[in-house]
Amino acid sequence: MYSDILNLIHTQSDRQLVIEGLDDLVATLYTTNSFEALAQSKFPSNFLPFLKKDLNFLEDLKKTVSQMKVLDIYLALTPSMQIQDTIYFWVKKNLSPNVYVNIYTNPDLIAGAQIDFQGKSADFTIRKYLTTL
C-alpha cells in the first residue's frame with residue numbers, strides 16, 4: 001500500500017525527514033494552514049503524488065516508515081552517488097521496499113564490503129581474507 005513512498009526512502013536521514021514531515025502534516029489537519037503548501041515545503045516533489053490529506057493514512061504511513069528495517073553496508077571507500085543509487089535500488093528490488101540503507105566508510109576494510117542486516121553480518125572484505133592467511 002505504501003510501497004511507492006517506501007521506495008523513495010533510501011537512508012536513515014530520508015526516513016527521519018519523512019517521519020518529521022508526516023508529523024507536521026498531521027498537525028496541519030487541525031489548523032487552517034495549507035496541507036498542500038506544507039507538503040511541498042517538507043517533501044521532495046516525487047513524494048507529493050502519494051500523500052493524502054487523511055489522518056488515518058498519515059498515521060499508518062508514519063507507523064510503517066518508523067518500522068522500516070535497516071541494512072548497514074561498510075565499504076573501504078566512499079562510493080559515488082551513482083553507486084549509492086545502484087545499491088539503494090538493488091536493495092529495494094531484491095530485499096524489500098521496507099528496507100533503507102546506511103552506507104559507512106571504513107578504510108581498514110582495504111576493499112570489499114561488510115553487510116549487517118537483521119542481526120546477521122556478512123564480511124566480504126580483503127581484510128577478512130588477509131587475516132585468514
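In which helix does Q84 lie? I started my notebook with that one, keeping in mind that this is a predicted model.

**Entry 1: Q84**
I found Q84 in helix α5, which runs over residues 81-94. Next I looked up its burial: Q84 has a relative accessible area of 14%, so it is buried, the limit being under 20%. Then I asked what Q84 is in contact with, leaving aside neighbours within four places in sequence. The list came back with P79 and I103.

**Entry 2: how α2 and α3 pack**
I turned to a pair of helices. Two packed helices are described by the angle between their axes and the distance between the axes, so I looked up both. For α2 (residues 12-28) and α3 (residues 35-42), the angle is about 170° and the axes are 10 Å apart. An angle over 145 degrees counts as roughly antiparallel, and α2 and α3 therefore get that label.

Which residues meet there? On the α2 side I noted G21, D24, L25 and T28, and on the α3 side F35, L38, A39 and K42. I sorted the residues of this contact by character and got four nonpolar, two polar and two charged.

**Entry 3: the two faces of α3**
I stayed with α3 and asked which of its residues are buried. They are F35, L38 and A39. These residues cover an arc of only 100° around the axis, which puts them on the same side of α3. A handy reminder for my margin: an α-helix has 3.6 residues a turn, so residues three or four places apart point the same way.

I also checked the face of α3 turned away from the buried side, and there I found the exposed residues Q40 and S41. As for what covers the buried residues of α3, the cover includes α2 and α4.

**Entry 4: two residues of α4**
Since α4 had come up, I picked L58, which is found in this helix (residues 55-66). Is L58 buried or exposed? Its relative accessibility is 0%, so L58 counts as buried. Not counting residues up to four places away in sequence, L58 touches L22, L25, V26, L29, F35 and K52. Two of these names were already in my notes: L25 and F35 also take part in the contact of α2 with α3. I jotted down one long-range value as well: the C-alpha atoms of L58 and Q82 are separated by 31 Å, with their positions 24 residues apart along the chain.

My second pick was K62, also placed in helix α4. K62 has 29% relative accessibility and so counts as partly exposed. Its contacts, leaving aside neighbours within four places in sequence, are I19, L22 and D23. L22 is thus on the contact list of K62 and on that of L58. From K62 to I103, 41 residues apart along the chain, the C-alpha separation is 23 Å.

**Entry 5: aromatic pairs**
How many aromatic pairs does a search of the whole structure find? It finds three. For F43 and F47, the ring centres are 5.8 Å apart and the planes are at 40°, so I wrote this pair down as tilted. Both F43 and F47 are buried.

**Entry 6: positive phi values**
Last, I looked at the backbone. I110 is not a glycine, yet it has a positive phi of about 70°. I110 is found in the loop between β2 (99-105) and β3 (112-117). At 48% relative accessibility, I110 counts as partly exposed. Q118 also has a positive phi, near 50°. Q118 is found in the loop between β3 and β4 (120-125).

Conventions: Residues are numbered from 1 along each chain as its sequence is written. This is a predicted model: local features need pLDDT of at least 70, side-chain atom pairs count only at pLDDT 80 or more; totals for chains, interfaces and linings use all residues. Side-chain values use heavy atoms; hydrogens and water are left out. Axes are lines fitted to C-alpha atoms, for helices over the stretch in contact, and angles run from 0 to 180 degrees between N-to-C directions. Helices (H or I, at least four residues) and strands (E, at least two) are DSSP runs, numbered from the N terminus. Angles under 35 degrees count as roughly parallel, over 145 as roughly antiparallel, 65 to 115 as roughly perpendicular and the rest as oblique. Contact means heavy atoms within 4.5 Å. Ala, Val, Leu, Ile, Met, Phe, Trp, Tyr, Cys and Pro count as nonpolar, Asp, Glu, Lys and Arg as charged, and the others, Gly among them, as polar. Rings of Phe, Tyr and Trp (its six-membered ring) pair if their centres lie within 6.5 Å; planes under 30 degrees apart count as stacked, over 60 as edge-to-face and the rest as tilted. Buried means under 20% relative accessible area, exposed over 50%, partly exposed in between (1.4 Å probe, protein chains only). The arc is that of the directions from the helix axis to the C-beta atoms.
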